[in-house]
Amino acid sequence: MTPPRALVTGSTRGIGQAIAASLEESGSMVIRHGRTFKGSEAPKSQMWLCDFSDPTAACAQWKLWLEQNDPPDLLVHNAGHFEADTAWEPKAWDICMNVNFHTPSRLTQLLLKNLERPLTVVNILSVAALQPRPDAYSYSESKSLLMRWMHALQKQASQPLRIINVYPGPVLTDAWKKASNRPVAMLQPMDVARQVLRLLLKPQVSRTAELILTAG
Ligand SMILES: NC(=O)c1ccc[n+]([C@@H]2O[C@H](COP(=O)([O-])OP(=O)(O)OC[C@H]3O[C@@H](n4cnc5c(N)ncnc54)[C@H](OP(=O)(O)O)[C@@H]3O)[C@@H](O)[C@H]2O)c1
């Protein structure tokens, strides 16, 4: 397989950083994304700085980026916003929906319009997409919506579209490091990255793969 040109969103740290590093190690050209870069994370990568909490502004930036650069043929939707909330907390609802659903779905649509080649999309979802967390309702719903939207898109897309949905349980990244309710068994970011690479290299995953990942 020719190494893809990949955009990994939210690759300044955590799971995204591990996926970006693994892809680079396997020969891919990686476009890293985040809101801020310290400058030393990935000297060989291209960078895209963009805040996903405003989907219209993010799409305008993405259009401009696509006009000036070669489009990626692998899109890893990893950037995510998590916030504990209740079902009726409007602010948490908006930010989760924007970062976790509206922006990634709209970026995918725009890319498909600009790409005449097959596209692979990896979605880093969560076990909460399958079993909503009552303490993080908007997060769970935003992940679940992206999952369902991707399934619908695949049926409608005019070019070949391969979708890999990954549903991790708790992964030891920054958010958990501060938490007092940390589970005993947790995945490491590299565990998720290794599984994503494994699925990407599997020739039989030609259309859809669904992977639930938990520790232990
Ligand atoms: N950790 C877990 O237990 C776990 C479990 C299941 C699923 N997940 C999912 O896995 C993905 C990565 O999680 P993680 O734990 O690695 O997260 P993390 O360490 O908190 O990193 C989040 C990444 O997303 C970016 N991001 C956050 N808000 C953004 C915004 N408004 N606009 C643009 N980029 C933004 C961050 O970039 P900046 O540099 O701009 O902050 C960062 O690169 C998320 O989608 C998360 O929901 C995580």
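**Exercise 1.** Find how much space lies in the second largest pocket, and which residues line it closest to its centre.

*Solution.* The second largest pocket holds about 220 Å³ of space, where a pocket is an open set of points on a 1 Å grid over the protein atoms alone, at which a 1.4 Å probe fits, with protein on both sides within 12 Å along at least five of seven lines. The volume is the space filled by probe spheres set on the points, which are joined across faces, edges and corners. Next, take the lining, meaning residues with an atom within 4 Å of a point: there are 14 such residues, and Asp73, Pro118, Leu119, Thr120 and Arg162 are the closest to the centre.

This is a predicted model, in which local features need pLDDT of at least 70 and side-chain atom pairs count only at pLDDT 80 or more, while totals for chains, interfaces and linings use all residues. Residues are numbered from 1 along each chain as its sequence is written, and side-chain values use heavy atoms, with hydrogens and water left out.

**Exercise 2.** Decide how many disulfides the model has, and explain why cysteine 50 is not in one.

*Solution.* Begin with the rule that a disulfide is a pair of cysteine sulfur atoms within 2.5 Å. The closest cysteine sulfur to that of cysteine 50 belongs to cysteine 59 and is 8.4 Å away, so the two are too far apart for a bond. Cysteine 59 is likewise in no disulfide, and the count comes to 0 disulfides.

**Exercise 3.** Determine whether cysteine 59 is buried or exposed.

*Solution.* Buried means under 20% relative accessible area, exposed over 50%, and partly exposed in between, with a 1.4 Å probe and protein chains only. Cysteine 59 has 8% relative accessibility and therefore counts as buried.
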